[in-house]
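Morning, everyone. Let me put a structure up and walk you through what the geometry says.

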Amino acid sequence: MTENPDTPPETPHRKGSLRFFFRWVLIGAALLWSLGVLILLAARWIDPPTTAVHMERRLQAWIHRTPYHERYEFVPLRQISLDFQHAVIAAEDARFYQHHGFDWQAMQIAAEDDMEGGRIRGGSTLTQQLVKNLFFGTGRSIIRKGAEFTLVPVAELVLGKRRILELYLNVVEWGPGVYGAESACRYYYRMSARSIDREQAAQLAAILPLPLKRRPDHMNHYSELILERMRQLGW
């Protein structure tokens, strides 16, 4: 059997180049992952000055030459009313204190709704959303999901539930250039996050899935559902 002269054999040099390339890709990925772990470890004590979402919005405003004013004020969890904390948990991650970073039950429900062509429900936990906010912005890709999947258990381990909730409430997007509970309360209601009442908290929690399109004063129906969920959870 003769070798096809039109198909040149793969040279050892080419094989070595591919191995070299993939080796450095893996090394680079490992270094980036390690950096993410170090940032999460630092976030246990240090309040993040910015996030990937914040930087993404600034870049978008610069590219499109649109005005951009950022409101971002980090406050301790004790300065955010319990009603506000409970409203966000009820709206976004009702099993927050039961899971260890992933709510497989919520993911299954979301997948079933998607397959049945119904309204798609989000299955991401607060921990997943925090990791995405800190490191990955609003984009979606398999690579991003894979990296998120490996960092979420680290966040649960090194931060703990209270710090995860504190970070999430302070960095999440609540409107154009509005980040965090304190900024959201002052922007929409002209009051501090400590003073917000139960109904206002539910209205703010209702806009979280689409913060650039929704406004709290238009969220009466969704906020009532959140208030009912809070009552079911004993809050």
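I'll take the overall layout, then the rings, one helix, one pocket and a handful of single residues.

Ground rules. This is a predicted model, where local features need pLDDT of at least 70, side-chain atom pairs count only at pLDDT 80 or more, and totals for chains, interfaces and linings use all residues. Residues are numbered from 1 along each chain as its sequence is written, and side-chain values use heavy atoms, with hydrogens and water left out.

Layout. The chain has nine helices and three strands. Those are DSSP runs, H or I of at least four residues for helices and E of at least two for strands, numbered from the N terminus. From the N terminus on, the order is α-α-β-α-α-α-α-β-β-α-α-α. There are 235 residues, and 41% of them count as buried. Buried is under 20% relative accessible area, exposed is over 50%, and partly exposed is in between, with a 1.4 Å probe and protein chains only.

Now the rings. How many aromatic pairs does a search of the whole structure find? Five. The criterion is ring centres within 6.5 Å, for Phe, Tyr and the six-membered ring of Trp; planes under 30 degrees apart are stacked, over 60 edge-to-face, and the rest tilted. Take Phe 84 and Trp 174. Their centres are 5.4 Å apart and their planes sit at 55°, so this pair is tilted. The pair links distant parts of the chain: Phe 84 is in helix α3, residues 82-92, and Trp 174 is in strand β2, residues 173-175, 90 residues apart. Both Phe 84 and Trp 174 are buried.

Charges over rings next. The test is NZ of Lys or CZ of Arg within 6 Å of the ring centre and within 35 degrees of the ring normal. Lys 161 places its charged end over the ring of Phe 96, 4.6 Å from the centre. Arg 214 does so over Tyr 222, at 4.8 Å from the ring centre.

Stay with strand β2 for a moment. Glu 173 is found there too. Its relative accessible area is 7%, so Glu 173 is buried. What does its side chain touch? The side chain of Arg 57, in a polar contact of 2.8 Å. A polar contact is a pair of N or O atoms within 3.5 Å; within protein, one must be able to donate a hydrogen and the other to accept it, and residues adjacent in sequence count only if both atoms are side-chain atoms.

Another acid: Asp 103. This one lies in the loop between α3 and α4, the latter spanning 104-115. Relative accessibility is 6%, so Asp 103 counts as buried. The side chain of Asp 103 makes a polar contact with that of Arg 95, at 3.1 Å.

On to helix α5, residues 126-136. Eight of its 11 residues are buried, so α5 is largely enclosed by the rest of the structure. Among the buried ones are Gln 128, Gln 129 and Asn 133. After α5 comes Gly 137, with a positive phi near 70°.

Helix α5 also helps line the second largest pocket; α1 (12-42), α5 and α6 (142-171) each supply at least two lining residues. That pocket holds about 250 Å³. On a 1 Å grid over the protein atoms alone, a pocket is an open set of points with protein on both sides within 12 Å along at least five of seven lines, and lining residues have an atom within 4 Å of a point. Points are joined across faces, edges and corners, and the volume is the space filled by probe spheres set on them. The lining includes Trp 33, Phe 135, Phe 136 and Leu 151. By class, it is eight nonpolar, two polar and no charged. Ala, Val, Leu, Ile, Met, Phe, Trp, Tyr, Cys and Pro count as nonpolar, Asp, Glu, Lys and Arg as charged, and the others, Gly among them, as polar.

Last, two backbone oddities. Arg 65 has phi near 55°, positive in a residue other than glycine. Arg 65 lies in the loop between α2 (52-64) and β1 (71-72), and at 77% relative accessibility it counts as exposed. Arg 190 has a positive phi of about 60° and is not a glycine either. Arg 190 is in the loop between α7 (181-189) and α8, and counts as exposed at 66%.

That's my tour. Over to you.

Note on methods: 1 Å grid on protein atoms, 1.4 Å probe; cavity = no way out; pocket = protein on both sides within 12 Å on 5 of 7 lines; lining within 4 Å.
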